Amino acid sequence: MRLHTREWGAGDRIALLIHGIMSDHRTWRRVGPALAENGYRVIAVDLRGHGASERAAEYSIPLFAADLEENLPVGADLAIGHSLGGLSLSFAVEHLRPKRAVYSDPAWALETGERPTNPETLRALRKATRSMIANFNPHWDEGDIDAEVAGIAAWDPATADAVGGEHAIDYIPERPVVPSLVQAADPSHVVSEAHKEQLRAAGFTVHTVKNTGHSIHRDDLDGFMRSVLGWVRGEEPVGLV
């Protein structure tokens with residue numbers, strides 16, 4: 001399947017951005033330019049069933065990952081996946097082999113997370129109004145709220161089946177394939193304290209971005225970028241746990 005992409009910048013380094021469920025490339029509307037300002041050529045995709053990419057007869061994590069493998073360049077300098085995007089990236093990382101991978105509040109713990117995934121609950125969010133989204137996400141700016149409204153309108157609710165029912169199991173990786181950072185929200189409903197310990201023991205770097213919800217990059221862009229770029233540069237995290 002040919003995925004729709006959006007690009008920012010023309011730097012010598014390549015960064016890949018993979019959104020979460022119900023969203024699309026527009027979720028990265030501030031992250032893309034911020035990475036471009038730091039010397040990256042940024043490529044953001046719309047997963048199948050999201051944004052301007054095609055709808056499909058079937059959705060699954062292996063299919064999301066296969067699409068990434070077919071559409072994104074191998075050996076990028078940085079790959080960032082949020083939520084479902086982080087889960088899909090972890091399935092594709094062996095093939096894509098970015099130099100570094102960032103999993104931002106990844107949807108790995110679908111069974112043992114604080115809120116086990118229910119596809120009907122996700123589908124019900126299709127009816128969310130702009131005011132509901134704004135009230136639920138008080139730290140988002142107007143552009144991020146608009147992007148979420150547009151993303152939901154362009155989303156195929158059937159994609160929820162890929163993370164629900166028999167597929168609502170834990171996908172926590174046993175080890176990082178490439179140097180990898182896991183960002184956890186505060187509090188995170190998908191990356192518990194026990195998960196953090198497990199991931200650190202397996203060789204992942206883990207940052208908790210304080211006072212953020214599931215969409216860290218929209219709740220606190222500065223904290224998100226400080227976490228990503230500081231880790232890439234090998235700096236000690238400031239204001240992160």
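In this predicted model, Leu16 stands opposite Ala79 in strand E4. That pairing belongs to the contact between strand E2 (residues 13-18) and E4 (residues 78-82), which run parallel and are joined by four bridges. Both strands are part of an open sheet of seven strands with mixed pairing.

**Strand E2 and its partners**
- Strand E2 is mostly covered, with five of its six residues buried.
- Six bridges pair E2 with strand E3 (residues 40-45) in the parallel sense.
- Within the pairing of E2 and E3, Ala15 stands opposite Val42.
- Helix H1 (residues 31-37) combines with E2 and E3 in a right-handed β-α-β unit.

**Strand E4 and strand E5**
- E4 is also joined to strand E5 (residues 101-104) by four bridges, and these two strands run parallel.
- Ala79 stands opposite Ala101 in E5, while Ala79 of E4 also has Leu16 opposite.
- In general, strands of a sheet pair through backbone hydrogen bonds, in either a parallel or an antiparallel sense.

**Sheet order and edges**
- The strand order of the open sheet is E1-E3-E2-E4-E5-E6-E7.
- Strand E1 (5-8) and strand E7 (205-208) stand at the edges; each has a single partner strand, so one side of each is left without a neighbour in the sheet.
- From one strand to the next, the twist averages 20 degrees.

**Helix packing at E6 and E7**
- Helix H7 (residues 193-202) lies across strand E6 (180-184) and E7.
- The helix runs at about 150 degrees to E7.

Technical notes:
Residues numbered from 1 in each chain as written. Predicted model: local features only at pLDDT ≥ 70, side-chain atom pairs only at ≥ 80, totals over all residues. Heavy atoms only, no water. Buried < 20%, exposed > 50% of the residue type's maximum accessible area, 1.4 Å probe, protein only. Pairing = 2+ DSSP bridges. Right-handed = clockwise from strand over helix to strand, strands pointing away. Axes fitted to C-alpha atoms, helices over the stretch in contact; angles between N-to-C directions. Contact = heavy atoms within 4.5 Å.
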